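Hi there,

I am passing this structure on to you, as promised. Have a look at it first, and then read my notes underneath.

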Amino acid sequence: MSVAPLLRKIFLVDLIKGLSVTFRSQHPDELITEQYPLERPWIAERYRGQPRMAVNPDTGESLCNGCGACALACPEKLITVTSDRDPVTKKKYMTSYTYDVSRCMFCGLCQESCPTDCIELSQDYEMALYSREGMTLDRVRLEKGPEPTEYAR
Amino acid sequence: MSNSNFYDDAPVEAPGKTFLDSTEMVLNMGPQHPSTHGVLRVILKLDGEKVLGTECVIGYLHRGVEKIAENRTYAQFNPYVDRMDYVAAVSNGLGYCGAVEKLISAEVPKRAEYLRVILTELNRLASHQVWLGTHALDIGAITPLFYTFREREEILKIFEKYCGARLTTHAFRIGGCQYDAYEGFDREVLAFCDAQDPRLDEYEELLTTNRIWVERTKGVGILSAEDAIALGVTGPVLRGSGVRWDLRKAQPYCSYKDFDFEIPIGLTGDTFDRYVVRIQEMRQSLRIIRQAVAGLPEGPIMAKVPKVLKPPVGEVYHSIEAPKGELGYYIVSDGSTQPYRVRVRPPSFVNLQALDVMVRGRLVADVVAVIGTLDIVLGEVDR
């Protein structure tokens, strides 16, 4: 063995080099771990989370016109829309709407297909449940929107 | 290593021999072994610690993605491709969208192509960071994992801001991109690139000269260039063996010919060379991202694509250079809204075949190193 590698071995040069990287990241500003339930993570504006349906803020009416484009666009066929036609105005309107989130993969194809921007994927992500039962959202739940959980220590 | 004779006298399996000798034994590695990166099961035939042969048992994560494609429209299948190589979901989307665009002969706008390049190269960095962290962890170096995942988090934040999801992004649509760059996208990407360069040096400081790392990787899992080509291996595994083959240069797609970058190659084809190749690739990716951000043109991001996609009857094969190798999509259209057949050529599945060649005659501990260096994702192997 030549001298230089031997000296490196004796003085543990590679160990010190590695540890110097570790010590460079010791400053409290470098901490990146989020204390999740206490500290809410940052969520992007375009985040695709729990679905919700928009209502007209002035009248409280659903924006949905019952066209069923979202039901057609959904790859997993999770959306069921039923509609009826108004006998007077001959306009289509939505009668019921269900969204099964248990198999949803949040691809966002439903919100892209919606002509009235009614169905959208909101920023709520805390949707875990113990069973699949409560995962089929009806129109009331969808219009109410997500209810974020508050945690207290 | 000094006792090189130990490796040389590994007996070649006699043809037709079915029973084990009294000194041989069979060991199941996986499917729950932490260093098989998922649910890979490797049946090892051992003589003491020496590996006489391997057999991979796959299919634990089979979800029938190719069959699902036959029951979905072209646009509906797009989110499923993200679930194959979930570490590099953006690359999967690029390959699939590119294949369908070839099928319908759609011209993707320049801005969309540049956005695609930026995101795909960011994804390549993220994929290589996962690889580096877990590969080093398998071999015993726990520290790089923390740093690589810290930087990957920044990439995932850019993805989340851009398309709303971190892992299974569904970032591209057939004909272009659904989302335009958000406010401050270029600034954030460039800031990430500038911060990433010294961090790559940090990874190298931790590993490249580290004695344990060098002894665990140098000369381990050697794959000669002839073997690599014969096995159909692609990506960094092929380039580590010294073959200068990169689809971004060989068959430029998605505006890659606009960018100036190099293809790093290894010399001997051992685990250390593949490590060096991937680290260099990350530097080249940063170079591409910088050029793409600087030259990001204005304009539309979506080509004129009909709402109901009915491609003409025909077939198409389109392949891209994913972080793990050549990712190809073969689509047969019968003229209806749904594909007649979709076949995926996943890089991990093909690269996994090299495992036997690389570990035969080596030690059990080297199997862990070699599985790590092949950089497989079982979601892609099994589909």
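Below is what I found, beginning with confidence and then moving through the contacts.

Please keep in mind that this is a predicted model. Its scores are ipTM 0.82 and pTM 0.86. For chain B the average pLDDT is 86, and 95% of its residues score at least 70. One stretch to treat with care is residues 1-10 of chain B, where the pLDDT is below 50. That stretch has 6 contacts in the model beyond near neighbours in sequence.

Next, the place where the chains meet. Chain A puts 17 residues into the contact and chain B puts in 21. On chain A, helices α2 (13-24) and α4 (109-113) each supply at least two residues of the side that touches chain B. The most comes from α2(A), with 5 residues. Sorted by class, this side of chain A holds 9 nonpolar, 3 polar and 5 charged residues.

Within chain B, I would start with helix α5 (residues 110-139), and with two of its packing partners.

How does α5(B) pack with helix α12 (residues 271-294) of chain B? Their axes are 9 Å apart, at an angle of about 160 degrees. Angles over 145 degrees count as roughly antiparallel, so that is how α5(B) and α12(B) run relative to each other. The crossing is left-handed. Among the contact residues are V117(B), L125(B) and W131(B) from α5(B), and M282(B), I288(B) and A292(B) from α12(B). By class, the residues of this contact divide into 12 nonpolar, 2 polar and 4 charged.

The other partner is helix α15 (residues 364-374) of chain B, whose axis comes within 9 Å of that of α5(B) and crosses it at roughly 175 degrees. These two helices are therefore roughly antiparallel to each other as well. From α5(B), the contact uses T134(B), H135(B), D138(B) and I139(B); from α15(B), it uses V368(B), A369(B), G372(B) and T373(B). The class split here is 3 nonpolar, 4 polar and 1 charged.

Finally, there is a hairpin to look at in chain B. Strand β2 (residues 41-47) and strand β3 (residues 50-57) pair in the antiparallel sense over 7 bridges. One of the pairings joins K45(B) to its bridge partner G53(B) in β3(B). Between the two strands lie 2 residues, and G48(B) in the turn has a positive phi of about 65 degrees.

Enjoy exploring, and write back whenever you like.

Best wishes

Conventions. Residues are numbered from 1 along each chain as its sequence is written. Chains are lettered from A and ligands numbered from 1 in the order in which they are written. This is a predicted model: local features need pLDDT of at least 70, side-chain atom pairs count only at pLDDT 80 or more; totals for chains, interfaces and linings use all residues. Two strands pair if DSSP finds at least two bridges between them. Helices (H or I, at least four residues) and strands (E, at least two) are DSSP runs, numbered from the N terminus. pLDDT is the predictor's confidence in each residue, from 0 to 100. Two residues are in contact if their C-beta atoms, placed from the backbone, lie within 7 Å. Axes are lines fitted to C-alpha atoms, for helices over the stretch in contact, and angles run from 0 to 180 degrees between N-to-C directions. Angles under 35 degrees count as roughly parallel, over 145 as roughly antiparallel, 65 to 115 as roughly perpendicular and the rest as oblique. Ala, Val, Leu, Ile, Met, Phe, Trp, Tyr, Cys and Pro count as nonpolar, Asp, Glu, Lys and Arg as charged, and the others, Gly among them, as polar. A crossing is left-handed if the near helix is turned anticlockwise from the far one by less than a right angle, and right-handed if clockwise.
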